[in-house]
Amino acid sequence: MTGKRIENLQKYLENNTAVILFESADRFYFSGFNSSAGALVVTRNNAFLLMDFRYYEKAKKTVNGLDVLLCERLYVQMAEILTKENVKTVFLETEDISVAKFKTLCECFSGINISDKPYIQNVIQKLRSVKDQEELKCITKAQEITDKTFNYILGRLEEGRTEKEIALEMEFFMRKNGSESVAFDFIVVSGKNSSLPHGVPTDKRIEKGDFITMDFGAVVGGYRSDMTRTVAVGFADDLQKEIYSTVLKAQTETVKFIKSGVKCCDVDKVARDIITDAGYGDCFGHGLGHSVGLEIHENPACNTRDETLLTSGMIMTVEPGIYIENKFGVRIEDMVFLTFNGNENLTKSPKELIIL
């Protein structure tokens, strides 16, 4: 599969051009090899993975379809490759490269144009946004573990437990059941803390009447899942039920709407209009959702500004929320796989309000 991905990238390269990838997720996507350092050089006809001593032996044994080189003097070796391949222009990941590294490349690759245009960045984002069957399989498995974790933790949410304790127990269960890592730092917030969309778990203890918002995900084959559920402990008052019902309506109606052929901003509008009409527009301050893959936040994103046309094969989150400052918040999030006819919801956990 990685050989096919390299070929897809090479279609966007002309003779005498090359792309250098430093970012770990991009290197993994095109090479199939996961490492914390290294570089991938792709020309119109060839590809070279440069790995240092820590990774070289394993990469040499496992990577197929491109040349694996022991990296001892990275910039010198890359310059030699570019010269041998008669490269005149190099494209980079413009969203990730530092100014210092860009200057170093310009100094080391004398006579070669180092482009600062986002051309190849846009190409890579486009390629990575559409998932193949191998990627879908990994993300589906990751979500199955996530659903299983939610079902498990429901029986362990009770008064007196801290947010940190709950988050740690979720992570332990998730890893024990096949997750390679956590998809991101878990959000487990309760009571007033749940009004913080990206709050971090604290030593606050769960109290009767609290909403608990849990945003979490697993990792399988390097690919991530992302799900949010909000539950109540003991009881939910009328305002809590009203807010929850509004968010649930916005979420379910948007899941029905999202499909190939519609703009990201139009998907966002479905949920935003429902929440605004209910009188809580100012309490929904983030975008509706984002793509998920090797990274938890990938492009495109469903927000008020992104006019990207969604296509089949994309995996998007649908996660509207309402956050009442210093009181509580509610967010409900599913991941959907877009198809030609609509979408497949990969998230199987119940969404109706659960009062424990």
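Which residue in β5 does V19 stand opposite? Read on through the first sheet to find out.

## Before we start

This is a predicted model, where local features need pLDDT of at least 70 and side-chain atom pairs count only at pLDDT 80 or more, while totals for chains, interfaces and linings use all residues. Residues are numbered from 1 along each chain as its sequence is written, and side-chain values use heavy atoms, with hydrogens and water left out.

## The six-stranded sheet

Strands of a sheet pair through backbone hydrogen bonds, either parallel or antiparallel. Here, strands are DSSP runs of E with at least two residues, helices are runs of H or I with at least four, and both are numbered from the N terminus. Two strands count as paired if DSSP finds at least two bridges between them.

One open sheet has 6 strands in the order β4-β3-β2-β1-β5-β6, and its pairing is mixed. At its edges sit β4 (67-70) and β6 (113-114), each pairing on one side only. Further in, β1 (residues 17-21) and β5 (residues 89-91) run parallel, with 3 bridges between them. Back to our opening puzzle: V19 stands opposite F91 in β5.

## The three-stranded sheet and its helices

Another open sheet has 3 strands, ordered β7-β8-β11 and paired antiparallel. Its edge strands are β7 (187-190) and β11 (227-232), and each pairs on one side only. Neighbouring strands here are turned by 10° against each other on average, direction ignored. For angles like this, axes are lines fitted to C-alpha atoms (for helices, over the stretch in contact), and angles run from 0 to 180 degrees between N-to-C directions.

Between β7 and β8 (residues 211-216) there are 4 antiparallel bridges, and S190 stands opposite I212 in β8. Helix α7 (residues 133-154) packs on this sheet, touching β8 and β11, with its direction at about 15° to that of β11. Touching, or contact, means heavy atoms within 4.5 Å. Helix α8 (residues 163-176) lies across β7 and β8 and runs at about 150° to β7.

## Salt bridges

Side chains of opposite charge can pair when their charged atoms come close. A salt bridge is counted when a side-chain nitrogen of Lys or Arg is within 4 Å of a carboxyl oxygen of Asp or Glu. The structure holds 23 of these salt bridges.

Some of the partners are out in the open and some are tucked away: buried means under 20% relative accessible area, exposed over 50%, and partly exposed in between (1.4 Å probe, protein chains only). D52 and R54 meet in a salt bridge at 2.7 Å, N to O, and R54 counts as exposed because its relative accessibility is 57%. E169 and R161 form another, with their closest N and O atoms 2.7 Å apart. E169 is buried at 18%, and R161 is buried at 16%.

D215 and R331 also meet in a salt bridge (3.0 Å, N to O). D215 lies in β8 and R331 in β16 (residues 328-331), so this pair ties together parts that are 116 residues apart in sequence. Both D215 and R331 are buried. Elsewhere, D26, R128, K131, E295 and E298 are joined into one network by salt bridges that share partners.

## A mostly covered helix

Helix α6 (residues 119-129) is mostly covered, with 8 of its 11 residues buried. Among them are I120, V123, I124 and L127, along with R128.
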